[in-house]
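Reader: I am new to this structure and would like to learn how its descriptions are justified. Could you walk me through it?

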Amino acid sequence: MYSMLCLGDSYTVGEGVSPDERFCSLAVKKLKQQNIFFDEPHVIAQTGWTTDELIQAIKANPPETLYDVVTLLIGVNNQYRRLSTDIFATEYRQLLDMAISFCKNGKKGVWCFSIPDWSVTPFVSQDKFGRDAQTICAEIEDFNNIIRSITLNLQISLVEITEISRKASGDASLLAADGLHPSAKMYDMWADLLYRELIKKFFN
């Protein structure tokens, strides 16, 4: 029986959907169909968390065991709050070091995710800084480019979900009832990417 640890924010905790509709839980179900069995993923995530808040949460209550697979999806709240990209880069690297240290398989068992693009959602009209969709999209790309650079440099697997998230611009069924977070339908698309990555790079 394999184990999975998932670190992040609302996109990992599955805001707006049931726990069994989180991307990590859906990926585990897909793996089970291939006779690859995981315990239910252990999630350390909360809606609204930034990189700093995730770091503090992990330090306050660190995992008590090592995991076969560790995922990291964080950064959208840094962008939403207009926090420093330089600080984000430092804290993201710190979180990645943590993720590696929690993994039985080191870097091989760590999967990072790009940040979804919420600029395509109706929530843009509620942005407290008054940014338009184009500005938000550009800011998210800045953060994602940091993630891409760090993961490439460290040779960590990166699951690119940003383009999938943009499909919500023409398909409301990909959003939860709050008009911001993904629906189970979108999470299933993310889960499929993670499942395929795991099959190709980890269980092959």
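Author: Gladly! This is a predicted model, and a good place to begin is one pair of helices: H2 passes H8 in a right-handed crossing.

Reader: What makes the crossing of H2 and H8 right-handed?

Author: The word depends on which way the near helix is turned from the far one: clockwise by less than a right angle counts as right-handed. H2 and H8 cross in that right-handed sense.

Reader: Why is H2 called oblique to H8?

Author: Helix H2 (residues 23-32) and helix H8 (residues 184-201) pack at an angle of about 50°, and their axes are 8 Å apart. Angles under 35 degrees count as roughly parallel and 65 to 115 as roughly perpendicular, while the rest between them are oblique. H2 is therefore oblique to H8.

Reader: How do you know which residues of H2 and H8 meet?

Author: Contact means heavy atoms within 4.5 Å. On the H2 side, Phe23, Leu26, Ala27, Lys30 and Leu31 take part. Their partners in H8 include Ala184, Tyr187, Trp190, Leu194 and Leu198. By class, this contact of H2 with H8 has 12 nonpolar, no polar and three charged residues.

Reader: Why is H5 called oblique to H6?

Author: The axes of helix H5 (residues 85-101) and helix H6 (residues 133-154) come within 10 Å and cross at roughly 40°. That angle makes H5 oblique to H6. Their crossing is right-handed. Among the residues that meet are Phe88, Tyr92 and Leu96 in H5, with Phe143, Ile147 and Leu154 in H6. The contact of H5 with H6 divides into nine nonpolar, two polar and one charged residues.

Reader: Why are H3 and H5 described as roughly parallel?

Author: H3 and H5 pack at an angle of about 30°, with 9 Å between their axes. Angles under 35 degrees count as roughly parallel. H3 and H5 therefore earn that description. H3 passes H5 in a left-handed crossing. In H3, Leu54, Ile55 and Ile58 are among the residues that meet H5, where Phe88, Leu95 and Met98 are among the partners. By class, the contact of H3 with H5 holds seven nonpolar, two polar and three charged residues.

Reader: What is the order of the strands in the open sheet?

Author: The five strands are ordered S2-S1-S3-S4-S5, with parallel pairing. At the edges are strand S2 (42-45) and strand S5 (157-159), each of which pairs on one side only. From one strand to the next, the twist averages 20°.

Reader: How do you know that S1 and S2 pair?

Author: Two strands pair if there are at least two bridges between them. Strand S1 (residues 4-8) and S2 have four bridges, in the parallel sense. As one place to look, Gly8 stands opposite Ala45 in S2.

Reader: Which strands does helix H3 lie across?

Author: Helix H3 (residues 51-60) lies across S1, S2 and strand S3 (69-73), and runs at about 135° to S1.

Reader: Why is the protein called as compact as a globular protein of its length?

Author: The protein has eight helices and five strands. Its radius of gyration is 16 Å, close to the 17 Å that the globule rule gives for 204 residues, so the protein is as compact as a globular protein of that length. Its C-alpha trace spans about 45 × 35 × 30 Å along the principal axes.

Methods: Residues numbered from 1 in each chain as written. Predicted model: local features only at pLDDT ≥ 70, side-chain atom pairs only at ≥ 80, totals over all residues. Heavy atoms only, no water. Helix = DSSP H or I, 4+ residues; strand = E, 2+ residues; numbered from the N terminus. Axes fitted to C-alpha atoms, helices over the stretch in contact; angles between N-to-C directions. Parallel < 35°, antiparallel > 145°, perpendicular 65-115°, else oblique. Nonpolar A, V, L, I, M, F, W, Y, C, P; charged D, E, K, R; others polar. Rg over C-alpha atoms; globule rule 2.2 N^0.38 Å.
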